[in-house]
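User: Please take a close look at one part of this structure, the open sheet. I would like to know how its strands are arranged and what lies around them.

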Amino acid sequence: MRDKKLETKLRLVGLQLDNWKRLHDLITYGLDKAKPIISSEQERQFTEIRGNLLQETEYILRELNIVAEVSGKAMSVLQRGVSIRGVRDLPSDEIRRLETDWNAAFTKLGLMQGQLKARRRELAEQSVFDYYWTQVRSRLFRRLASAH
Amino acid sequence: MRLRPSTLPSHRRGSSGADRPVSEPAFPASFLLHVLTPDLGVVETRVLILNADPVFEDRALAILDENPALEIQIVRNLSETVSALLGENFDGLIIEGEGALALEQATHVRQHFPSLTIACLLYGRRQNEVEAIAREQNIELLPVSRSDRRLRASLTGFVRALDSNPGTAAEGIDPCHSLIGNLNQFSAAEILQMSCLSQRSGRFTFKSGRGNSEIYLQQGAVRHAVFGSLEGEAAVAEIFRWRQGRFYFEEGIISQEQTVNRPWAHLLIDNLQKLDETLELVSV
């Protein structure tokens, strides 16, 4: 069986994680002192990913019911990381904070994705008939329990 | 869509459709079977979706998500699309976005992937000009109406067509034969050496009495080769021996399949050695 809402959540969390990974790749590149050249194309990509995240993060976190936990950290990363050059010029304590916040947001989203996938797997093992029968049975038991 | 017992090894269908089970009978009432018996595995169709704003413009995505036999991958821009198509096999591409831009993107993709099934989701009224371009480029237009039922019907129709489409490689729509010649004058090895050195990307077609064969180059490296049932290095080795026939090169046509993984220099040395050995045998 497939749950529409679950599939939508999985799609959203997948898209969000994809953007966070790309942002991390570019931040890591910016912080790598062995790579002195930052191209305008890389800066363009950074701005595009940052733009997508600024637009979508709040909405997706709300859909996933984790807005209170992650929103602050996600916004902190996006506000500190203005551009690849900007990240390179940040003081070391700011860079550490940026990495910690990125890690917190990424970890929570990754956990969420895992939970949603596990739920999808559970549902896939059930047929529509099984699912509704379980629902009806649990409702009946609840009514019986409350009657007694 | 075909249903198969999960005990059988399921496989992904390649773009060529060569590994498709042909003689399998379709089960009656397959939909009901699928709903009531979750232990049946389904052969997956893979679709790439180009959507610049997949979070907020997700009507089509939500509909496609409902299909358990469909594996979708979402990309946001053209470069990601080409990269995904080069890296993996997809049965089709759906482009969602503003009419003219979506069609332009589809036309770009078509130039590089001539055999790929492409559809554009068209918002608003159909225009004759857009339809003419789409027909010329072999791009399917899927009208997006306000009604979800209609949109679902057109998307389901497209996915079903992907499943029933044998997916034979088509000739380029606008082939640019940047090099034409005869194998009597230049051997395949010489032509390939020249093209690889100049970092070319495109398709070589060799035509001789033995049949037709194709070698796909990508930035100076052989990516895919096919001759009859032969593929990869075996096909390259066969073409190396041809001394009669014609060839032409179409710039910019890239294969989705990759059957050759070794650098050109290795292939050249190995095949010339094999050729020498063959010639030695002839002289003996």
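**The open sheet of chain B**

Analyst: This is a predicted model. In chain B, strand E3, which covers residues 45-51, pairs with E4(B) in the parallel sense, over six bridges. One residue pair can be picked out here: B:Val47 in E3 has B:Ile72 in E4(B) as its bridge partner.

These two strands belong to an open sheet of five strands in chain B, in the order E4-E3-E5-E6-E7, with parallel pairing. Strand E4 (70-75) and strand E7 (139-144) of chain B each have a single partner strand and stand at the edges, so one side of each has no neighbour in the sheet. On average, neighbouring strands of this sheet are turned by 25° against each other, direction ignored.

A helix also lies across the strands. Helix H6 of chain B, residues 148-164, lies across E3, E4, strand E5 (92-96), strand E6 (117-123) and E7 of chain B. Helix H6 runs at about 155° to E7(B).

Some residues of these strands also appear in the largest nonpolar core, which has 56 residues. Among the members that touch the most others are B:Leu48, B:Leu93, B:Ile95, B:Ile118 and B:Cys120. A:Ala105 and B:Ala106 are also in that group. Helix H1 (residues 4-31) of chain A gives the most to this core, with seven residues. Leaving out residues up to four places away in sequence, A:Ala105 touches A:Trp20, A:Val70, A:Lys73, A:Ala74 and A:Val77. A second core, separate from this one, has 20 residues, including B:Leu192, B:Tyr216, B:Phe247 and B:Leu267.

Definitions and conventions:
Residues are numbered from 1 along each chain as its sequence is written. Chains are lettered from A and ligands numbered from 1 in the order in which they are written. This is a predicted model: local features need pLDDT of at least 70, side-chain atom pairs count only at pLDDT 80 or more; totals for chains, interfaces and linings use all residues. Two strands pair if DSSP finds at least two bridges between them. Helices (H or I, at least four residues) and strands (E, at least two) are DSSP runs, numbered from the N terminus. Axes are lines fitted to C-alpha atoms, for helices over the stretch in contact, and angles run from 0 to 180 degrees between N-to-C directions. Two residues are in contact if their C-beta atoms, placed from the backbone, lie within 7 Å. A nonpolar core is a set of buried Ala, Val, Leu, Ile, Met, Phe, Trp, Tyr and Cys residues joined through C-beta atoms within 7 Å. A residue is buried if 20 or more other C-beta atoms lie within 10 Å of its own, exposed if 12 or fewer, and partly exposed in between; C-beta atoms are placed from the backbone.
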